[in-house]
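Here's a short tour of a protein model, written for anyone new to reading structures. Take a moment to look at the picture, then follow along.

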Amino acid sequence: MKKLMQYCSLVAVAILFLGTAPVGASDSGSDAQEQMISETVTEWAASWSNQDVNGYLSHYAPIFKAGSGKSMDAWQAIRRVRLTAPKFIEVTVRNIEVKSIGPSSASASFVQTYRSDRYSSESIK
């Protein structure tokens, strides 16, 4: 499982890209892949909660396109400020559902709860 996780990155909110894994790195069965994707989403939320900027950003694929149309560098600069400015951040995810959308990609949807000293929300991603 851990061998595959290094090939899983966020391309957009709730969309995961599975790069080509070297021979021997894959797990058999879609259940293992779904578990790996769920764990990746959970780790992404944990990095965010821990205000671990580098860990958080490492979950995004180089081809990630911000919804705002900003370049990856500009988006990362904004995210760095937003992750470090609050006194605390708590992000939880639940009801993760994974659907295959091709041989090397899948979509994950989930309920995300965000809470900080400045803002709180709950949304479906």
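## Three strands in a row

Let's start with strands β3 and β4, which run antiparallel and are joined by 11 bridges. Two strands are said to pair if DSSP finds at least two bridges between them. Strands here are DSSP runs of E with at least two residues, helices are runs of H or I with at least four residues, and both are numbered from the N terminus. β3 and β4 form a hairpin, with two residues between them. To see the pairing up close, find S100, which stands opposite A106 in β4.

Next door, β4 and β5 also run antiparallel, joined by five bridges. They make a hairpin with three residues between them. Here R115 stands opposite S120 in β5, and Q112 has S123 in β5 as its bridge partner.

## Where the model comes from

This is a predicted model: local features need pLDDT of at least 70, side-chain atom pairs count only at pLDDT 80 or more, and totals for chains, interfaces and linings use all residues. Residues are numbered from 1 along each chain as its sequence is written, and side-chain values use heavy atoms, with hydrogens and water left out.

## The whole protein

Now zoom out. The protein has four helices and five strands, and along the sequence they follow the pattern α-β-β-α-α-α-β-β-β.

How much of the protein is buried? Buried residues make up 37% of the 125 residues; "buried" means under 20% relative accessible area, "exposed" means over 50%, and "partly exposed" is in between (1.4 Å probe, protein chains only). The protein exposes about 7,300 Å², with carbon and sulfur atoms supplying 52% of it. Those accessible areas come from the Shrake-Rupley method with a 1.4 Å probe, and for residues only the protein chains shown count as cover.

Contacts tell you about the fold too. A contact means heavy atoms within 4.5 Å. Of the contacts with a separation of 6 or more, 51% are between residues 24 or more positions apart.

## Buried and open spots on the strands

Back to β4, where you'll find A108. A108 is buried, with a relative accessible area of 0%. In space, the C-alpha of A108 is 4.4 Å from that of V98, though the two are 10 residues apart in sequence.

Q112 is in β4 as well, and it's buried at 5% relative accessible area. Leaving aside neighbours within four places in sequence, Q112 is in contact with W44, W48, V91, T92, S121, E122, S123 and K125.

Why does β5 lie largely in the open? Of its five residues, the number buried is zero, so β5 lies largely in the open.

## The largest pocket

The largest pocket has a volume of about 480 Å³. Among the 19 residues lining the largest pocket, those closest to its centre are W48, R79, R82, Q112 and Y114. The elements giving two or more residues to this lining are α2 (30-49), α4 (72-84), β4 (105-116) and β5 (120-124).

What counts as a pocket? On a 1 Å grid over the protein atoms alone, a pocket is an open set of points where a 1.4 Å probe fits, with protein on both sides within 12 Å along at least five of seven lines, and lining residues have an atom within 4 Å of a point. By class, the lining has 11 nonpolar, four polar and four charged residues.

## A helix residue and two unusual angles

E39 sits in helix α2 and is partly exposed, with a relative accessible area of 24%. Its C-alpha is 9.7 Å from the C-alpha of I96, and the two are 57 residues apart along the chain.

Finally, some backbone angles. Most residues other than glycine have a negative phi. Q51 has a positive phi of about 55 degrees although it is not a glycine. You'll find Q51 in the loop between α2 and α3 (53-57), partly exposed at 22% relative accessible area.

N95 also isn't a glycine, and its phi is positive, near 55 degrees. N95 lies in strand β3 (residues 89-102) and counts as exposed, at 53% relative accessibility.

How values were computed
Grid points are joined across faces, edges and corners, and a volume is the space filled by probe spheres set on the points. Ala, Val, Leu, Ile, Met, Phe, Trp, Tyr, Cys and Pro count as nonpolar, Asp, Glu, Lys and Arg as charged, and the others, Gly among them, as polar.
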